[in-house]
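Subject: Structure handover and notes

Dear colleague,

I am passing on the structure below, together with some notes on what came out of going through it. Please read them with the coordinates open beside you.

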Amino acid sequence: MQANEDFDVVDVTAVITAGMNLLSICESGNFAECKRLIEEEDAPVWFQEPETGWSPLHIAAHLESREMIEYLLAHGAVWNAGKPPLDCLDTYPLELMRLSHAPCS
């Protein structure tokens with residue numbers, strides 16, 4: 001099989017490391033560092049922890065950090081991967097439902 005020049009080679013280890021780093025920073029609640037990793041180091045906002053399936057958005061929802069939730073959604077976080085991240089909230093503020101395109105029930 002020949003390599004296709006239309007595709008970039010991805011360093012999977014680097015993606016996993018960046019994703020795990022982002023999860024750790026989100027868990028600490030350090031929103032400024034979370035933004036920096038995404039904006040300056042292209043940390044994968046879509047990343048999910050391999051064992052739990054949690055993403056940065058799951059963590060932000062668990063922490064009930066509206067600012068982080070809104071930021072992650074605006075930057076492409078997947079709101080419906082695995083157990084929907086907003087299920088981690090005790091309540092569903094209507095604005096977040098609208099932002100995430102999550103179905104209202």
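I would begin at Ile-59, which, once its neighbours within four places in sequence are set aside, is in contact with Leu-23, Cys-26, Glu-27 and Trp-54. Please keep in mind throughout that this is a predicted model. Ile-59 is found in helix α3, and with a relative accessible area of 9% it falls under the 20% cut-off and therefore counts as buried. Between the C-alpha atoms of Ile-59 and Leu-23 there is a separation of 7.5 Å, although the two positions lie 36 residues apart along the chain numbering.

For the overall picture, the chain has five helices and zero strands, and reading along the sequence gives the pattern α-α-α-α-α. Of its 105 residues, 35% count as buried, while the accessible surface comes to about 7000 Å², with 52% of that belonging to carbon and sulfur atoms. If one takes the contacts between residues at least 6 apart in sequence, 58% of them join residues at least 24 apart.

The largest nonpolar core holds 21 residues, and the members that touch the most others are Leu-22, Cys-34, Ile-38, Met-68 and Leu-72. At least two residues of this core come from each of α1 (12–28), α2 (31–41), α3 (56–62) and α4 (66–74), with α4 giving the largest share, namely five residues. The buried residues of α4 are Met-68, Ile-69, Tyr-71, Leu-72 and Leu-73. Met-68 is in contact with Cys-26, Gly-29, Phe-31, Cys-34 and Ala-60, again leaving aside its neighbours within four places in sequence. After α4 comes Gly-76, whose phi is positive, near 95 degrees.

Two helix pairs deserve a separate description, and how are α1 and α2 oriented to each other, roughly parallel or roughly antiparallel? Their packing angle is about 160 degrees, with the axes 8 Å apart, and since angles over 145 degrees count as roughly antiparallel, α1 and α2 are therefore roughly antiparallel to each other. The crossing of α1 and α2 is left-handed, and the contact is made by Asn-21, Leu-22, Ile-25 and Cys-26 on the α1 side and by Glu-33, Cys-34, Leu-37 and Ile-38 on the α2 side.

For α2 and α4, the angle is about 10 degrees and the axes are 11 Å apart, so that, with angles under 35 degrees counting as roughly parallel, these two helices are roughly parallel to each other. Here α2 contributes Phe-31, Cys-34, Lys-35, Ile-38 and Glu-39 to the contact, and α4 contributes Glu-67, Met-68, Tyr-71 and Leu-72.

Finally, there is a residue outside the helices to look at, Pro-44, which lies in the loop between α2 and α3. Its relative accessible area is 7%, which is under 20%, and Pro-44 is therefore buried. Apart from neighbours within four places in sequence, Pro-44 is in contact with Val-15, Ala-18, Gly-19 and Leu-22. The C-alpha atoms of Pro-44 and His-75, which are 31 residues apart along the chain, are separated by 9.9 Å.

With best regards

Conventions:
Residues are numbered from 1 along each chain as its sequence is written. This is a predicted model: local features need pLDDT of at least 70, side-chain atom pairs count only at pLDDT 80 or more; totals for chains, interfaces and linings use all residues. Side-chain values use heavy atoms; hydrogens and water are left out. A nonpolar core is a set of buried Ala, Val, Leu, Ile, Met, Phe, Trp, Tyr and Cys residues joined through side-chain atoms within 4.5 Å. Buried means under 20% relative accessible area, exposed over 50%, partly exposed in between (1.4 Å probe, protein chains only). Helices (H or I, at least four residues) and strands (E, at least two) are DSSP runs, numbered from the N terminus. Contact means heavy atoms within 4.5 Å. Accessible areas come from the Shrake-Rupley method with a 1.4 Å probe; for residues, only the protein chains shown count as cover. Axes are lines fitted to C-alpha atoms, for helices over the stretch in contact, and angles run from 0 to 180 degrees between N-to-C directions. Angles under 35 degrees count as roughly parallel, over 145 as roughly antiparallel, 65 to 115 as roughly perpendicular and the rest as oblique. A crossing is left-handed if the near helix is turned anticlockwise from the far one by less than a right angle, and right-handed if clockwise.
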